[in-house]
Amino acid sequence: MQVSSLNEVKIYSLSAGRSLPEWLSDRKKRALQKKDVDIRRRIELIQDFEMPTISTKIKVSRDGQYIMAVGTYKPRVRCFDTYQLSQKFERCLDSEVVTFEILSDDYSKIVFLQCGRFVEFHSQHGHYYKTRIPKFGRDFSYHYPSCDLYFVGASSEVYRLNLEQGRFLNSLQTEASESNVCDINPVHFLFAMGTAEGKVECWDPRTRNRVGLLDCALSSVTADTEIEGLPSISALKFDGALNMAVGTSTGQVLLYDLRSSNPLIVKDHHYGLPIKSIQFQHQLDLIISADSRIIKMWNKDTGKIFTSMEPEHDINDVCLYPNSGMLMTANEAPKMNIYYIPVLGPAPKWCSFLDNLTEELEENPESTVYDDYKFVTRKDLENLGLAHLIGSSLLRAYMHGFFMDIRLYHKAKMMANPFAYEEYRREKIRQKIEETRAQRVQLKKLPKVNKELALKLIEEEGEEQQFGKKRKQKNLPSLLKDDRFKVMFENPDFQVDEQSEEFRLLNPLVSKISEKRKRKLKILEELEAQGQEEEEEPEGKASDAESSESSDDEKGWVEEVRKQRKLLRQEEKLKRQERLKEDQQTLLKPQFFEIKEGEEFRSFKDSAKKQKLMKKTLEDRLKLEEKLGTLNVSDTTVGSKQATFKLKKSEQQRKQQEAEKRHRQERKTLRRSASHLKSRRGRGRLFH
């Protein structure tokens with residue numbers, strides 16, 4: 001059972017929790033109830049109180065014993081006996097039910113209006129009779145004194161079917177193009193119908209004449225409401241002899257006194273959804289209005305919200321159990337919701353145990369599971385000096401930390417840091433001082449890493465802002481303020497090395513581009529200051545000037561790049577000379593080497609060559625391999641380098657290849673000698 005509270009009104013959801021599938025055996029259901037705590041604690045007020053897919057309408061019989069609901073799929077009606085707390089019967093229908101009405105005190109007489117223009121009558125044993133109306137119906141009402149059924153729908157006529165005579169009577173001709181809902185006053189039996197044009201027409205069944213017309217669409221528009229289209233009437237309900245509530249398709253509820261054409265109060269749901277149902281609660285003078293998203297309870301005199309409910313699924317219909325605080329809803333889900341609100345009234349007599357249950361819950365309110373606990377990590381425990389409690393009953397492990405009693409946490413914190421209040425006070429004072437400092441002129445602080453780059457970006461940003469203000473252009477976000485590039489100005493690994501080869505080769509190009517950009521900005525500023533507008537220049541002049549400037553710029557940065565390359569080559573030569581001097585100055589000492597098993601000693605020269613090769617850089621080794629022919633380096637079409645290596649053959653492989661070569665030569669000589677002998681023998685036989 002789920003409990004919620006709004007405006008200090010407790011709402012108990014009796015249908016919360018998982019429901020067990022019908023095809024499970026009783027043995028498996030009992031086993032699941034033993035294992036699963038949620039299934040064991042749930043309250044199943046009425047057994048199998050649900051539909052296969054969705055439920056569309058729900059009603060209670062006048063004697064209060066039977067609850068009837070219709071839904072899909074397949075189209076069906078289910079009747080639940082409250083005295084037995086279970087389903088009494090289920091009947092499948094030919095088409096979906098638009099609405100239905102229980103004519104008797106129990107389930108013995110029911111009328112169904114179906115979507116295929118059919119009107120189906122059911123008695124206690126089942127299907128009784130079926131007929132059709134000329135147009136598609138949307139709602140109907142039963143007039144008890146004359147035994148007439150009034151059908152409204154996609155027509156300007158109201159069809160009358162007399163159940164005593166068993167025939168259709170003359171229909172009522174209205175001014176509306178279509179009608180959506182209708183209702184009959186239970187006191188003086190005035191017939192009212194809501195139209196698609198947002199009007200309510202009232203008819204007297206005795207004279208079959210219209211006695212009143214209300215323009216609800218005009219009255220629903222207030223200063224606070226925002227309406228995009230013409231509101232139509234979607235719900236209608238009488239309360240006593242003089243009051244009537246009207247719901248519109250735009251989410252407003254209007255309460256009328258039949259003696260006045262102006263509404264007493266207009267209540268807006270603020271969702272813009274059609275009102276599906278309107279109910280009256282007389283004990284507290286409340287109106288219960290519902291759209292597909294929310295159920296609102298509000299005072300009919302002041303319009304003040306009493307409480308509200310938002311189910312998980314869309315609402316199709318709402319039914320208030322008479323003289324109780326129980327509320328049932330038909331939803332766009334298999335399960336039909338049951339709510340119990342003790343403030344509205346007592347529980348029905350067939351489930352009086354709900355009052356005792358809710359009283360016990362209110363006497364012993366259960367606090368939330370984590371209200372009295374504090375979540376701490378292992379580091380927090382070490383700071384508090386409580387790391388030795390890990391594994392004890394005082395800490396409950398959860399995810400990446402532990403839950404501990406909030407009282408123990410506060411005591412440990414006071415002991416670990418007795419001057420916490422003083423630190424808090426100092427922090428607040430520091431924040432106040434920083435707030436006052438923010439109003440002063442602030443100097444721009446450069447980051448520790450890449451200061452020159454940050455200064456360059458700040459200068460460029462300032463120039464672009466000045467130019468953007470004059471040109472009224474939008475400024476782009478700065479790299480210094482972007483979190484994606486934050487590490488570039490904090491981590492020393494991202495420091496730009498100005499002595500590297502890549503930077504020295506790219507720097508002339510970057511500097512030329514920045515100078516060109518600055519020149520362009522200055523020219524544009526001068527043109528704006530003079531107030532000159534852009535004019536078309538004679539052919540040849542502007543293009544020649546631009547081409548000459550671009551060619552000069554290209555020549556300039558190409559020369560700079562060449563200079564940098566020459567300097568780099570000179571530096572490499574100096575480094576090589578220094579290495580050679582160091583090699584000459586170093587004295588070679590005799591060294592002894594141990595030969596591994598399975599290897600032959602050839603000469604000291606090979607080992608010395610190998611050592612020299614290992615000491616050399618990768619570049620020198622590649623150049624040597626290229627001279628020997630084991631490496632081939634070539635340029636690709638994309639502009640990158642392509643290197644092809646030939647693996648060296650070991651001594652064992654070389655010997656094996658030589659042996660194979662000798663073996664092949666021996667076999668060739670043997671074949672030649674054998675063929676020579678055969679030819680000689682053949683010649684001898686011929687001579688004989």
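## Strand β7 and its sheet

Glutamate 101 stands opposite valine 111 of strand β8. In this predicted model, β7 and β8 (residues 110-114) run antiparallel and are joined by five bridges. The two strands belong to an open sheet of four strands, ordered β7-β8-β9-β10 and paired in the antiparallel sense. Because β7 and β10 stand at the edges with a single partner strand each, one side of each is left without a neighbour in the sheet. From one strand to the next, the twist averages 20°.

Edge strand β10 (residues 127-132) also contains lysine 130, which is linked to a distant part of the chain: aspartate 94, in the loop between β6 and β7 (97-102), 36 residues apart. These two residues form a salt bridge whose closest N and O atoms are 2.8 Å apart. Lysine 130 is partly exposed, with a relative accessible area of 26%, whereas aspartate 94 is exposed at 66%.

## Overall composition

The protein has 688 residues, of which 33% are buried. Its secondary structure amounts to 13 helices and 34 strands. The accessible surface comes to about 47800 Å², and carbon and sulfur atoms account for 50% of that area. Among contacts between residues at least 6 apart in sequence, 44% join residues at least 24 apart.

## The enclosed strand β12

Strand β12 (residues 148-153) is largely enclosed by the rest of the structure, because six of its six residues are buried. In a regular strand, the side chains alternate between the two faces of the sheet. In β12, Asp148, Tyr150 and Val152 point one way and Leu149, Phe151 and Gly153 the other way, and all are buried.

Strand β12 pairs with strands β11 and β13. With β11 (residues 137-143), the pairing is antiparallel and extends over six bridges; tyrosine 142 has leucine 149 of β12 as its bridge partner. These two strands form a hairpin with four residues between them, and cysteine 147 in the turn has a positive phi of about 60°. Strand β13 (residues 157-162) is likewise antiparallel to β12, with four bridges joining the two. Here tyrosine 150 stands opposite arginine 160, and the hairpin formed by β12 and β13 has three residues between its strands.

## Strand β6 and the salt bridges

Strand β6 (residues 86-92) includes serine 86. Serine 86 counts as buried because its relative accessibility, 19%, falls under the 20% limit. Leaving aside neighbours within four places in sequence, this serine is in contact with Ile46, Gln47, Phe80 and Asp81.

The count of salt bridges comes to 14. In one of them, the side chains of arginine 76 and glutamate 90 meet at 2.4 Å, N to O. That pair links distant parts of the chain, with arginine 76 in strand β5 (residues 76-81) and glutamate 90 in strand β6, 14 residues apart. Arginine 76 is buried, at 12% relative accessible area, while glutamate 90 counts as partly exposed at 33%.

Another salt bridge joins the side chains of glutamate 660 and arginine 664, at 3.8 Å, N to O. Both residues lie in helix α13 (residues 651-687), four residues apart, about one turn of the helix. Glutamate 660 counts as partly exposed, with 36% relative accessibility. Elsewhere, salt bridges that share partners join Arg76, Arg78 and Glu90 into one network.

## Nonpolar cores

The largest nonpolar core has 23 residues, and the members that touch the most others are Leu14, Leu45, Phe49, Ile58, Met326, Met328 and Leu354. Two or more residues of this core come from each of β3 (54-60), β4 (66-72), β28 (326-331) and β29 (337-340). The largest share, three residues, comes from β28.

Leaving aside neighbours within four places in sequence, leucine 354 is in contact with Leu14, Leu45, Met326, Tyr340 and Ala347. Apart from the largest core lies another core of 15 residues, among them Ile295, Met297, Met309 and Tyr339.

Methods:
Residues are numbered from 1 along each chain as its sequence is written. This is a predicted model: local features need pLDDT of at least 70, side-chain atom pairs count only at pLDDT 80 or more; totals for chains, interfaces and linings use all residues. Side-chain values use heavy atoms; hydrogens and water are left out. Buried means under 20% relative accessible area, exposed over 50%, partly exposed in between (1.4 Å probe, protein chains only). Contact means heavy atoms within 4.5 Å. A salt bridge is a side-chain nitrogen of Lys or Arg within 4 Å of a carboxyl oxygen of Asp or Glu. Two strands pair if DSSP finds at least two bridges between them. Axes are lines fitted to C-alpha atoms, for helices over the stretch in contact, and angles run from 0 to 180 degrees between N-to-C directions. A nonpolar core is a set of buried Ala, Val, Leu, Ile, Met, Phe, Trp, Tyr and Cys residues joined through side-chain atoms within 4.5 Å. Accessible areas come from the Shrake-Rupley method with a 1.4 Å probe; for residues, only the protein chains shown count as cover.
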